[in-house]
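Subject: A structure for you to look through

Hello,

I promised to send you something to practise on, and here it is. Please open it and have a look around before you read my notes.

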Amino acid sequence: MLHHKYVFLNTLALRKWRDEFRRKVLVRAQCAHGAGPSESWEAQHYIANLLPTLDPQFSDVETALLFLENSPEFIEAAQVIEPLLEGVAELEIEEAAARTRRADLERAHREAVASAEERARTVALNSPEVAAAARALAAA
């Protein structure tokens, strides 16, 4: 079963490489000219010049992925690993929500303390003792 894990992980790595390659090709292809009648030849020329610059191993990767994703080893590993990955993803979502709730509660607590301190300060400044001390200070 351990080799199944490596088949699974290596297949995921190949998928990532393929997806990154596709993204790069898409970015480069978006630089091509429009498809209007007068620009058709320019676009064909651009793509014709683009193709040789692409990684020649890409088709090999696509073939390898097709083989690996359909192999019994990958399918068996995926049946075990993918539910675990989904569980981890769900836990991460729950933990993020708990962190957000905690941060909200901490913020509400800080605001409540600040508000209570301000009220206490107002009460203290308006107390008879503080008023008497202020009058005595003013008279001195």
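Below is what turned up, going from the overall fold to single residues.

Please keep in mind that this is a predicted model. The protein chain has 5 helices and 0 strands, so the order of elements from the N terminus reads simply α-α-α-α-α. Of the 140 residues in the chain, 14% are buried. The accessible surface comes to about 10,900 Å², and carbon and sulfur atoms account for 62% of that area. If you take the contacts with a separation of 6 or more, 77% of them involve residues 24 or more positions apart.

**The nonpolar core**

Which residues make up the largest nonpolar core? There are 7 of them: Val7, Phe8, Leu68, Phe74, Ala77, Ala78 and Ile81. Two elements, α1 and α4, each give two or more residues to this core. Helix α4 gives the most, with 4 residues.

Phe8 is a good place to start looking around the core. Its relative accessible area is 1%, so Phe8 is buried. Leaving aside residues up to four places away in sequence, Phe8 touches Phe74, Ala77, Ala78, Ile81, Glu82 and Leu85.

**The aromatic pairs**

The structure holds 2 aromatic pairs. One of them joins Phe8 and Phe74, whose rings are stacked, with 5.2 Å from centre to centre and 15° between the planes. Phe8 belongs to helix α1 and Phe74 to helix α4 (residues 72–125), so this pair ties together parts that are 66 residues apart in sequence. Phe74 has a relative accessible area of 4%, which means that this residue is buried too.

The rings of Trp17 and Phe21 also form a stacked pair, because their centres are 5.7 Å apart and their planes lie at 10°. Here the two partners are 4 residues apart in helix α1, so about one helical turn separates Trp17 from Phe21. Is each partner buried or partly exposed? Trp17 is partly exposed, with a relative accessible area of 31%, whereas Phe21 is buried, at 12%. The cut-off behind these words is 20%: a residue counts as buried when its relative accessible area is under that value.

**A buried threonine**

Thr11 is worth finding as well. This residue sits in helix α1, which covers residues 2–29. Its relative accessible area is 0%, so Thr11 is buried. Which residues does Thr11 touch, not counting those up to four places away in sequence? They are Leu65, Leu68, Glu69 and Phe74. Two of these names may look familiar, since Leu68 and Phe74 are also listed in the largest nonpolar core.

**The salt bridges**

Side chains of opposite charge can pair when their charged atoms come close. A search of the whole structure finds 6 salt bridges, and I will take you through some of them.

In helix α1, Arg23 forms a salt bridge with Glu20, and the closest N and O atoms are 2.5 Å apart. Arg23 and Glu20 are 3 residues apart, about one turn of the helix. Arg23 counts as partly exposed because its relative accessibility is 44%. Glu20 is partly exposed too, at 33%.

Helix α4 has something to follow step by step. Asp104 and Arg107 meet through their side chains in a salt bridge, at 3.5 Å from N to O. They are 3 residues apart in helix α4, so about one helical turn lies between them. Next, Arg107 forms a salt bridge with Glu111, where the closest N and O atoms are 3.8 Å apart. Glu111 and Arg107 are 4 residues apart in the helix, again about one helical turn. Put together, Asp104, Arg107 and Glu111 are linked in a network of salt bridges.

How accessible are the members of this network? Asp104 is partly exposed, with a relative accessible area of 37%. Arg107 is partly exposed at 39%, and Glu111 is partly exposed at 47%.

If you want a route through the model, begin at Phe8 and its stacked partner Phe74, go on to Thr11 in helix α1, and finish with the network of Asp104, Arg107 and Glu111.

Enjoy exploring, and write back with any questions.

Best wishes

Definitions and conventions:
Residues are numbered from 1 along each chain as its sequence is written. This is a predicted model: local features need pLDDT of at least 70, side-chain atom pairs count only at pLDDT 80 or more; totals for chains, interfaces and linings use all residues. Side-chain values use heavy atoms; hydrogens and water are left out. Buried means under 20% relative accessible area, exposed over 50%, partly exposed in between (1.4 Å probe, protein chains only). Contact means heavy atoms within 4.5 Å. Rings of Phe, Tyr and Trp (its six-membered ring) pair if their centres lie within 6.5 Å; planes under 30 degrees apart count as stacked, over 60 as edge-to-face and the rest as tilted. Accessible areas come from the Shrake-Rupley method with a 1.4 Å probe; for residues, only the protein chains shown count as cover. A nonpolar core is a set of buried Ala, Val, Leu, Ile, Met, Phe, Trp, Tyr and Cys residues joined through side-chain atoms within 4.5 Å. A salt bridge is a side-chain nitrogen of Lys or Arg within 4 Å of a carboxyl oxygen of Asp or Glu.
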